[in-house]
Amino acid sequence: MNTLLNITRRLVSVIVVLLLATFFLSCLVFLLPGNPAEIMAPVGAPEFIDIISEDAALDKGPIGYYFNWLGNLLQGDLGSYYLGTAETPVSDRVVDAIPASLQLIV
């Protein structure tokens, strides 16, 4: 019984620490000089930068941005990768990197 209580306490503390760490890290995006959307797409047209701001909820401020990110993360949506020729889901890029990562692990 005591072991189960300790495990539960540790799990709760891990979840709280992860939530706090991700919140503070997401707030750092807004501490950067300039518009975060312009940093994500430095050579994009103003319309494209507005689309990025809306898509990533950067126009909702740090708290709106964080809860949008957290909700998408819980649904398995890791966001979009905007640099390159086309908008690519980050999850596709992660899946593409898995074989090389597994090779390095082995």
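Here is a walk through the structure, from its inner residues out to its surface.

Keep in mind from the start that this is a predicted model. A good place to begin is the inside. The largest nonpolar core has 7 residues in all: Ala37, Ala41, Ile49, Ile52, Ala56, Leu58 and Tyr65. As a rule of thumb, in soluble globular proteins nonpolar side chains tend to be buried together.

Pick out Ala37 from that core and see what it touches. Once you set aside neighbours within four places in sequence, Ala37 is in contact with Ile49, Ile52, Ser53 and Leu58. Ile49, Ile52 and Leu58 are themselves core members, while Ser53 is a residue worth a look of its own. You'll find Ser53 in helix H3, which runs over residues 46-55. Is Ser53 buried or exposed? Its relative accessibility is 11%, so it counts as buried, the limit being under 20%. Its contacts, not counting residues up to four places away in sequence, are Asn35, Ala37, Leu58 and Asp59. So much for the view from Ala37; let's move along the chain to a helix that brings in another core residue.

That helix is H4, residues 61-74. H4 has 14 residues and reaches 20 Å from its first C-alpha to its last, close to the 20 Å expected at 1.5 Å a residue. Which of its residues are buried? They are Gly61, Tyr65, Tyr66 and Leu70, and Tyr65 is also one of the residues in the largest nonpolar core. The buried residues of H4 pack against H1, so H1 is the natural next stop.

Helix H1 covers residues 2-31, and two of its residues give a feel for how it meets H4. Ser26 sits in H1 and, at 8% relative accessibility, counts as buried. Leaving out neighbours within four places in sequence, Ser26 is in contact with Tyr65 and Tyr66, and both of these are on the list of buried H4 residues. Phe23 is in H1 too. With 22% relative accessibility, though, Phe23 counts as partly exposed, because buried means under 20%. Phe23 contacts Ile63 and Tyr66, again leaving aside neighbours within four places in sequence.

Distances along the chain and through space can tell you quite separate things, and Phe23 shows this nicely. Take Phe23 and Met1: they are 22 residues apart in sequence, and their C-alpha atoms are 33 Å apart in space. Now take Phe23 and Leu70: these are 47 residues apart in sequence, yet their C-alpha atoms are 9.2 Å apart. Leu70 lies in H4 and counts as buried, at 18% relative accessibility.

Follow H4 to its end and the picture changes. Leu74 belongs to H4, but Leu74 is exposed, because its relative accessible area of 71% is over 50%. Leu74 and Val90 are 16 residues apart in sequence, and 15 Å separates them in space, C-alpha to C-alpha. H4 is followed by Gly76, whose phi is positive, near 90°.

Now for the outside. Leu73, Leu78, Val94, Val95, Ile98, Leu102 and Ile105 form a nonpolar patch on the surface, and together they have about 620 Å² of accessible area. Which helix gives the most to this patch? Helix H5, residues 90-105, does, with 5 residues.

Two of the patch residues are good ones to end on. Val95 lies in H5 and is exposed, since its relative accessible area of 53% is over 50%. Val94 is in H5 as well, but Val94 is partly exposed, at 42% relative accessible area. Val94 and Leu78, another patch member, are 16 residues apart along the chain, and their C-alpha atoms are separated by 9.5 Å.

Methods
Residues numbered from 1 in each chain as written. Predicted model: local features only at pLDDT ≥ 70, side-chain atom pairs only at ≥ 80, totals over all residues. Heavy atoms only, no water. Core = buried A, V, L, I, M, F, W, Y, C linked by side-chain atoms within 4.5 Å. Buried < 20%, exposed > 50% of the residue type's maximum accessible area, 1.4 Å probe, protein only. Contact = heavy atoms within 4.5 Å. Helix = DSSP H or I, 4+ residues; strand = E, 2+ residues; numbered from the N terminus. Patch = residues over 30% accessible without salt bridge, like charges linked within 9 Å, V, L, I, M, F, W, Y side chains within 5 Å. Areas by Shrake-Rupley, 256 points an atom, 1.4 Å probe, with all protein chains shown as cover. Salt bridge = Lys/Arg side-chain N within 4 Å of Asp/Glu carboxyl O. Expected span 1.5 Å × (residues − 1).
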